[in-house]
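Here is an informal walk through the structure shown below. Have the model open while you read, and follow the residues as they come up.

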Amino acid sequence: MGCNPRFVHVGDVADYVKESIRPREGVQYHCYSLPAFDAGLKPERLDGSEIKSSKLLVHPGDILVNKLNMRYKRIWAVGEPEPNSVCSTEFVPLQAKGINRLFLYYVLAGDEFAHTLGGMRTGTSGSHQRVKPEWILDYGFYMPCDQDQAAIANILGSMDARIHINQRINDYLAALLDAQFDNLIKTKSADWDTASLLDIASYKNGLAMQRFRPVGDDVGLPVLKIRELGQGYCGCDAERCRSDIDESVTIHDGDLVFSWSGTLLLDFWAGGDAGLNQHLFKGYCQESCANCQQP
């Protein structure tokens with residue numbers, strides 16, 4: 001790597017391809033939507049009668065950039081889509097030109113892009129903040145030469161492939177544990193007791209962490225919310241709380257955390273120290289044991 005990069009805008013190296021379509025009853029469509037992205041990047045297969053609004057056509061090689069809530073970074077690199085593939089109008093479909101497509105994808109999936117566009121959003125609701133397509137096209141970045149673009153894209157692509165393999169292994173292990181637990185319940189012995197979740201554990205509700213912002217030189221802790229619990233980590237855009245919050249609402253690796261409001265999630269946290277937000281609970285055993293941490 002050694003060539004001089006040049007400053008470009010997204011609109012210089014990508015076309016916004018906006019082809020609207022009204023799905024027809026009796027035709028099967030593959031729908032790229034925000035829920036489908038969150039559910040594992042798997043387009044939904046729907047009959048046209050199930051799609052209640054106009055969509056945009058998806059073409060081979062499209063990079064779909066979400067307009068809604070940029071902090072979630074729902075950037076979808078489409079390979080070879082199935083026939084009749086469409087996407088939500090919450091996406092901006094881009095076609096790369098004169099740039100390595102995968103390199104452009106990583107630019108758009110980066111923190112800097114999300115931070116810049118996130119600060120330009122419209123809307124008053126915290127859960128519905130949109131950006132305009134022209135803002136996406138006007139975003140500027142430094143583009144290296146073709147050789148360096150390919151090298152960078154290859155490195156990051158290899159890392160993503162390894163992450164995908166690890167996720168599949170984790171999914172397999174989780175399914176195996178579920179099967180073993182189900183078998184254990186089915187073959188339980190007669191001396192087992194019946195108890196409720198309240199009988200075997202205690203639960204600590206989180207706090208409204210917006211009331212405990214860092215002050216002065218305190219870098220604080222990332223705030224663990226439902227989004228962070230679902231994705232398994234606190235991103236650089238996570239809110240922050242004071243680092244001296246009570247230990248009872250401080251989360252460490254290995255803590256059992258579950259959400260009860262809106263989205264039901266349960267997981268052993270492995271994303272580092274964080275502050276527990278309201279609507280999330282930390283669970284711990286009533287009696288001391290080697291496998292549990294108590295506040």
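## Strands, cores and a few single residues

Strand β8 (residues 75-77) runs antiparallel to β7, and 3 bridges join the two. Keep in mind that this is a predicted model. One of the pairings to look for is Ile63, whose bridge partner in β8 is Ala77. β7 is also joined to β10, again antiparallel, through 4 bridges. There, Asn66 stands opposite Phe91 of β10.

Which residues of β7 point one way, and which the other? Ile63 and Val65 go one way and Leu64 and Asn66 go the other, yet all of them are buried. As background, strands of a sheet pair through backbone hydrogen bonds, either parallel or antiparallel.

**The largest core**

Val65 brings us to the largest nonpolar core, which has 25 residues. Val65 is among those with the most contacts inside this core, together with Leu94, Leu104, Leu108, Phe113, Ile136 and Phe141. At least two residues each come from α1 (10-13), β7 (63-66), β10 (91-96), α3, α4 (111-118) and β11 (140-143). Which element gives the largest share of this core? That is α3, with 6 residues. In general, nonpolar side chains tend to be buried together in soluble globular proteins.

Helix α3 (residues 101-108) is mostly covered, with 6 of its 8 residues buried. Those buried residues are Phe103, Leu104, Tyr105, Tyr106, Val107 and Leu108. At the N-terminal end of α3, Asn100 acts as a cap, with a side-chain oxygen 3.0 Å from the backbone nitrogen of Leu102.

Phe141 is a good place to see how this region is put together. Setting aside neighbours within four places in sequence, Phe141 is in contact with Phe103, Leu104 and Val107, and its other contacts include Arg6, Phe7, Val8, His9, Val10, Val13 and Ile99. Apart from this core lies another one, of 16 residues, among them Leu221, Ile245, Ala274 and Leu276.

**The long run of α6**

Helix α6 (residues 146-186) has 41 residues. From its first C-alpha to its last, α6 reaches 59 Å, close to the 60 Å expected at 1.5 Å a residue. Asp148, Gln149 and Ala153 are buried in α6, and what covers the buried residues of this helix includes α3 and β11.

**A mixed sheet**

Further along the chain, 4 strands make an open sheet with mixed pairing, in the order β14-β13-β18-β15. β14 (240-241) and β15 (250-251) are the edge strands, each pairing on one side only. Inside the sheet, strand β13 (residues 221-224) runs parallel to strand β18 (residues 274-276), and 2 bridges join them. Val223 has Gly275 as its bridge partner in β18.

Ser248 sits in the loop between β14 and β15. The C-alpha atoms of Ser248 and Gly275 are separated by 9.5 Å, though the two residues are 27 apart along the chain. What does the side chain of Ser248 make a polar contact with? Its partner is the side chain of Asp246, at 2.6 Å.

**His30**

His30 lies in strand β4 (residues 28-32). A polar atom of the His30 side chain lies 3.4 Å from the backbone oxygen of Pro83. Not counting residues up to four places away in sequence, His30 touches Glu82, Pro83, Asn84, Ser85 and Val86, as well as Pro43, Glu44 and Arg45.

**Cysteines and burial**

How many disulfides does the structure hold? The count is 0. Cys234 is unbonded because its sulfur is 9.3 Å from the closest cysteine sulfur, that of Cys241, which is too far for a bond. For comparison, the cut-off is 2.5 Å. Cys241, likewise, is in no disulfide.

Are these cysteines, His30 and Ser248 buried or exposed? They count as buried because their relative accessible areas, tabulated here, fall under the 20% cut-off.

| Residue | Relative accessible area |
|---|---|
| His30 | 16% |
| Cys234 | 17% |
| Cys241 | 0% |
| Ser248 | 14% |

Technical notes. Residues are numbered from 1 along each chain as its sequence is written. This is a predicted model: local features need pLDDT of at least 70, side-chain atom pairs count only at pLDDT 80 or more; totals for chains, interfaces and linings use all residues. Side-chain values use heavy atoms; hydrogens and water are left out. Buried means under 20% relative accessible area, exposed over 50%, partly exposed in between (1.4 Å probe, protein chains only). A polar contact is a pair of N or O atoms within 3.5 Å; within protein, one must be able to donate a hydrogen and the other to accept it, and residues adjacent in sequence count only if both atoms are side-chain atoms. A nonpolar core is a set of buried Ala, Val, Leu, Ile, Met, Phe, Trp, Tyr and Cys residues joined through side-chain atoms within 4.5 Å. Contact means heavy atoms within 4.5 Å. Two strands pair if DSSP finds at least two bridges between them. The expected span of a helix is 1.5 Å times one less than its number of residues.
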